[in-house]
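Visitor: Could you take me through this structure, one topic at a time?
Guide: Certainly; please look at the sequence and the model first.

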Amino acid sequence: MSETDVRSYTVRLELVDEPGELLRALEPIANNGGNLLSIFHERGNLTPRGHIPVEVDLEATETQFETIVGALREAGVNVIQAGAERYSEELTVVLVGHLVATDLSDTLRQFTECGGVSVGDVSLSAPQGTEGESSARLRLEAIEGQTGDALETARTVADEKGLRLIEPLTEEGP
Amino acid sequence: MRLAVMGAGAVGTAVLELAGEYGHDVVGVADSSSGVVEDGGVDPDGVVSRKRKRGIVGDGTPEAVLGADYDVLVEATPTTLGDAEPGFSHVERALGRDRHAVLANKGPVAERYDEVRALEADSGGTVLFEAAVGGAIPILSTIDDLNGQVAAARGVLNGTANFILSRMAAEGIDYEHVLAEAQDLGVAEADPAFDVEGTDAALKCVILANVLYEGTYTLADAEVEGIADLPGSALELAAEDGRTIRLVGEVSDGNVRVGPRLVPENGTLAVSGTLNIVQLETNHAGRLNISGRGAGGPETASAVLADIGRLPELS
């Protein structure tokens with residue numbers, strides 16, 4: 001990516017419930033060349049520290065974005081997460097085996113119960129009907145930095161159910 | 001150099017036929033039951049024709065070839081697991097006589113690496129085995145050139161499995177049908193287990209781990225899953241998402257894993273047909289990709305002969 005490429009970012013801020021706070025948080029974005037796309041102000045929903053979470057979508061170049069995050073922090077605005085796709089990391093896996101006979105919905109529930117993982121969408125292909133072997137593609141969403149744990153969970157669940165798990169090869173690896 | 005070639009399969013006979021082009025003389029050739037020794041150099045055509053017509057390479061014994069006056073023993077007998085015999089003993093004999101050993105056979109360096117290295121340490125000879133990993137692709141010599149700066153490696157190291165997966169994805173044909181097609185084409189063996197169960201790829205990864213981590217890995221240390229009986233639906237679902245499935249071997253953080261993995265459909269690792277590819281992760285220079293033919297007689301023989309060119313003069 002070149003330095004002048006504009007991309008979209010999501011910033012999650014924590015604001016104190018006082019008048020003018022939101023404006024104070026948005027100024028560093030506009031002042032540093034960021035283009036505001038949307039603001040989601042979750043009034044009534046408090047963070048564990050008793051602050052109001054605000055989600056801001058904006059467009060900027062990578063350099064501008066770094067300046068914006070710096071300026072927000074300098075202005076005393078608490079930036080919880082900043083970046084593109086930092087909310088969650090996605091990984092796609094394919095499960096193969098007697099998915100229906102081994103209760104696919106239970107399999108999916110086990111994935112999510114282990115924590116840190118949610119199942120995005122599921123595509124099932126069962127060309128031999130529900131009796132034969134089938135395949136399912138699962139999009140898993142994991143908290144940033146926890147894709148390793150998510151995969152470990154998927155491996156354990158697949159192993160217990162006698163299913164084959166086809167893992168993604170991470171681009172960053174080996 | 002004067003070569004003794006143990007093994008008269010596709011690789012052994014290709015070494016015999018190509019050695020002259022590289023300036024070497026083959027003074028002995030053996031298969032599992034027969035041998036021929038000619039101090040002035042054996043006649044490649046005679047050996048090949050005897051092997052084809054009578055199933056022997058000559059009227060001598062393999063033992064006579066092991067005792068011949070050679071500089072380099074080329075170990076090209078079939079890969080065996082566990083004790084890696086008879087390949088291991090052949091290498092042991094050569095090193096015991098202070099001669100070099102060049103292997104195309106994976107067994108000794110995958111299953112008894114530390115023993116091979118110990119024998120080499122006590123010998124005037126050197127052991128090289130480029131041909132054992134990735135056929136014609138210069139993987140081990142590249143790692144050697146990089147002076148310990150390769151942190152990890154991964155890749156597609158079995159052409160048979162890759163052929164099956166790429167055909168299944170391209171044509172939407174079942175595993176059984178593609179396997180039968182591969183067997184007709186000579187891409188898969190009559191007993192394809194070694195390739196489709198991931199054993200062959202795992203042995204190559206074990207050798208890579210031994211080289212990268214100066215370890216004593218064996219097949220038992222590898223986590224191995226094959227591609228046998230993979231349903232076409234798995235490849236279809238992957239394709240809908242812009243991905244495909246490849247049998248990928250990974251050597252990183254001291255671990256060896258081989259299994260089917262989802263990779264981007266047009267990504268670097270998604271080589272098609274019988275091609276192999278290896279990616280080396282270097283400490284200071286990012287990733288290196290090297291791809292090429294991972295099997296075949298002349299291809300593998302070219303790696304054997306390249307190794308012979310790297311050997312030091314025997315004192």
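**A guided conversation**

Guide: B:P86 is located in the loop between β4 (72-75) and α4 (87-96) of chain B. Please note that the model is a predicted one.

Visitor: What kind of peptide bond joins B:E85 and B:P86?
Guide: The bond between B:E85 and B:P86 is cis, with omega at about 5 degrees. Most peptide bonds are trans.

Visitor: Where is A:D103, and what is its phi?
Guide: A:D103 lies in the loop between β5 and α3 (104-113) of chain A. Its phi is positive, about 65 degrees, although A:D103 is not a glycine. Most residues other than glycine have a negative phi.

Visitor: Let us change topic. Which domains does chain B have?
Guide: The assignment gives chain B a domain 1, made of 2-135 + 297-310, and a domain 2, made of 143-293. The C-alpha centres of these two domains of chain B are 27 Å apart.

Visitor: How many residues of the two domains of chain B are in contact?
Guide: In chain B, 14 residues of domain 1 are in contact with 18 residues of domain 2. The two domains of chain B bury about 1300 Å² between them, and carbon and sulfur atoms account for 72% of it. Across this interface of domain 1 and domain 2 of chain B there are 2 salt bridges.

Visitor: And which domains does chain A have?
Guide: For chain A, the assignment gives domain 1 (6-83) and domain 2 (88-166). Their C-alpha centres lie 35 Å apart.

Visitor: What about the pocket: how much space lies in the largest pocket?
Guide: The largest pocket holds about 1200 Å³ of space. It is lined by 44 residues, and the closest to its centre are B:V11, B:K106, B:E189, B:D200 and B:A295.

Visitor: Which domains of chain B does the lining draw on?
Guide: Domain 1 and domain 2 of chain B each give at least three residues to the lining of the largest pocket. Several helices of chain B each supply at least two lining residues, among them α1 (10-18), α8 (159-171) and α13 (297-310).

Visitor: How do the lining residues divide into nonpolar, polar and charged?
Guide: The lining of the largest pocket has 17 nonpolar, 18 polar and 9 charged residues.

Visitor: Now the two chains: how many residues does each give to the contact?
Guide: Chain A gives 24 residues to the contact and chain B gives 29 residues. The area buried between chain A and chain B is about 2100 Å², with 55% of it from carbon and sulfur atoms.

Visitor: How many salt bridges are there between chain A and chain B?
Guide: There are 3 salt bridges between chain A and chain B. In a salt bridge, the side chain of B:R257 meets that of A:E167 at 2.9 Å, N to O. Side chains of opposite charge can pair when their charged atoms come close.

Visitor: How many salt bridges are there over all chains?
Guide: The count over all chains is 30 salt bridges. One joins the side chains of B:D39 and B:R2, at 3.7 Å, N to O. This pair links distant parts of the chain, 37 residues apart: B:D39 is in the loop between β3 (35-37) and α2 (44-54) of chain B, whereas B:R2 is in strand β1 (residues 2-6) of chain B.

Visitor: Finally, which residues does A:E90 touch?
Guide: Leaving out residues up to four places away in sequence, A:E90 touches A:R139, A:L140 and A:E141. A:E90 belongs to strand β5 (residues 88-97) of chain A.

Conventions: Residues are numbered from 1 along each chain as its sequence is written. Chains are lettered from A and ligands numbered from 1 in the order in which they are written. This is a predicted model: local features need pLDDT of at least 70, side-chain atom pairs count only at pLDDT 80 or more; totals for chains, interfaces and linings use all residues. Side-chain values use heavy atoms; hydrogens and water are left out. On a 1 Å grid over the protein atoms alone, a cavity is a set of points where a 1.4 Å probe fits but cannot get out, and a pocket is an open set with protein on both sides within 12 Å along at least five of seven lines; lining residues have an atom within 4 Å of a point. Grid points are joined across faces, edges and corners, and a volume is the space filled by probe spheres set on the points. Helices (H or I, at least four residues) and strands (E, at least two) are DSSP runs, numbered from the N terminus. Ala, Val, Leu, Ile, Met, Phe, Trp, Tyr, Cys and Pro count as nonpolar, Asp, Glu, Lys and Arg as charged, and the others, Gly among them, as polar. Domain bounds come from an automatic or database domain assignment. Contact means heavy atoms within 4.5 Å. Buried area is the accessible area (1.4 Å probe) that two parts lose on being put together, summed over both. A salt bridge is a side-chain nitrogen of Lys or Arg within 4 Å of a carboxyl oxygen of Asp or Glu.
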